[in-house]
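Dear colleague,

Please find the structure we discussed below. My notes on it follow.

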Amino acid sequence: MVVVGVVLIALALAVVVVAPRVLTRSAWTIDRPRTALVSWSVAVLVGVVGFVVGIALVVVANRPVTDPFRLGDSPTHGLNLGVALLAVLAFVIAVRVRPGPEHEAVRAAIRSGAAPHREVDGTLVALVEADHALACAVPGRSGGVLVSTGLADRLRTDELEAVVAHERAHLSQHHAVAVGIAESIERAVPWVPGARAMARSTRVLVEFAADDAAARRVSRDAVRRALLVADETSALAVIRASRLQ
Ligand SMILES: [Zn+2]
């Protein structure tokens with residue numbers, strides 16, 4: 001049991017060290033963002049489960065099955081176990097996914113009903129009065145898709161449909177959860193190699209995945225044009241547009 005535990009810990013550590021290197025340096029992730037996102041999730045799962053189960057196997061090795069933590073021997077064993085469980089609980093609370101404050105502000109804008117709604121390609125979109133280009137998707141029952149009038153006015157019909165399809169893909173593919181988990185892990189264990197790389201990579205990969213969904217729904221050309229109108233100055237927008245050529 002000790003050997004299996006040590007092998008699991010070694011496997012978990014290997015995955016935590018190797019996966020970020022592979023996933024941030026492989027060119028295929030640009031063309032297959034959803035596969036890359038799944039690969040990050042698998043790496044986290046193998047890393048966490050392998051480490052926890054490995055440690056547990058080493059700790060309870062050669063202990064009686066009825067009392068593996070030897071609580072009967074001494075009350076301090078129970079105290080130690082309690083402290084360990086509290087530490088795990090504190091970690092889970094630290095990692096828990098929280099919506100960002102900007103999400104709450106947008107949610108309030110959508111919920112207030114102050115913004116007029118317009119149907120775009122079958123989706124009810126909240127239009128907020130603002131000159132700068134803005135489009136976002138807020139998950140949940142009180143969420144939805146929001147676009148600024150400044151952006152909507154600058155886009156042709158198929159370009160606006162592409163923007164809405166992109167935002168809808170963020171909702172249907174649960175990108176907020178993926179980014180939330182990656183950013184929570186980054187906050188909780190910033191010293192773990194790859195935690196920061198995973199958060200950065202996830203933020204980019206969800207944009208690629210949403211662009212691909214919008215390209216399938218409308219057209220690659222419409223998504224590309226919309227990107228350059230919406231965000232012509234950002235480096236990421238230029239990269240996103242160029243991968244759709
Ligand atoms: Zn996006």
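**Notes on the model**

This is a predicted model, and every value below was computed from it. I start with the overall layout, then take the metal site, the pocket and a few local points.

**Domains**

The protein chain falls into two parts, domain 1 (2-95) and domain 2 (101-242). Where they touch, 15 residues of domain 1 and 17 residues of domain 2 take part in the contact. Between the C-alpha centres of domain 1 and domain 2 there are 33 Å.

**Zinc site**

Which residues of the protein are donors to the zinc ion? They are H166 and H170, each through NE2, and E207 through OE, at 2.0 to 2.1 Å from the metal. Written as a sequence pattern, the donor residues are spaced H-x3-H-x36-E.

The two histidines both sit in helix α7 (residues 157-172). An α-helix has 3.6 residues a turn, so residues three or four places apart point the same way. H166 and H170 are 4 residues apart, and therefore about one helical turn separates them.

Are these histidines buried or exposed? With the limit for buried set at under 20% relative accessible area, H166 is buried at 6%. H170 also counts as buried, at 13% relative accessibility.

**Largest pocket**

The largest pocket holds about 1400 Å³ of space. Its lining is made up of 46 residues, and those nearest the pocket centre are V44, G47, V48, F91 and I185.

Where does the largest pocket lie with respect to the domains? Its lining takes residues from both domain 1 (2-95) and domain 2 (101-242), so the pocket lies between them.

Five helices each supply at least two lining residues: α1 (2-25), α3 (33-60), α4 (75-95), α8 (175-188) and α9 (195-217). The largest share comes from α3, which gives 16 residues to the lining. By type, the lining of the largest pocket consists of 38 nonpolar residues, 7 polar and 1 charged.

**Helix α10**

In helix α10 (residues 220-230), the buried residues are A222, V223, R224, R225, A226 and L227. Two arginines, R224 and R225, are thus on the buried list. The elements that cover the buried residues of α10 include α7, α9 and α11 (235-242). Helix α7 is also the one that carries the zinc donors H166 and H170.

**Loop residues**

Two residues that are not glycine have a positive phi.

- D121 has phi near 50°. D121 belongs to the loop between β1 and β2, and its relative accessibility of 27% makes it partly exposed.
- H174 has phi of about 55°. H174 lies in the loop between α7 and α8 and is exposed, with a relative accessible area of 53%.

G122 is in the loop that joins β1 (117-120) to β2 (123-128). At 61% relative accessibility, G122 counts as exposed, since the limit for exposed is over 50%. Along the chain G122 and L146 are 24 residues apart, and their C-alpha atoms are separated by 14 Å.

**In short**

The zinc ion has H166, H170 and E207 as its protein donors, and the largest pocket, lined by 46 residues, lies between domain 1 and domain 2.

Regards

Key:
Residues are numbered from 1 along each chain as its sequence is written. This is a predicted model: local features need pLDDT of at least 70, side-chain atom pairs count only at pLDDT 80 or more; totals for chains, interfaces and linings use all residues. Side-chain values use heavy atoms; hydrogens and water are left out. Donors are N, O and S atoms within 2.8 Å of the metal (3.2 Å for Na, K and Ca); water is not among the atoms, so sites may look incomplete. Buried means under 20% relative accessible area, exposed over 50%, partly exposed in between (1.4 Å probe, protein chains only). On a 1 Å grid over the protein atoms alone, a cavity is a set of points where a 1.4 Å probe fits but cannot get out, and a pocket is an open set with protein on both sides within 12 Å along at least five of seven lines; lining residues have an atom within 4 Å of a point. Grid points are joined across faces, edges and corners, and a volume is the space filled by probe spheres set on the points. Ala, Val, Leu, Ile, Met, Phe, Trp, Tyr, Cys and Pro count as nonpolar, Asp, Glu, Lys and Arg as charged, and the others, Gly among them, as polar. Domain bounds come from an automatic or database domain assignment. Contact means heavy atoms within 4.5 Å.
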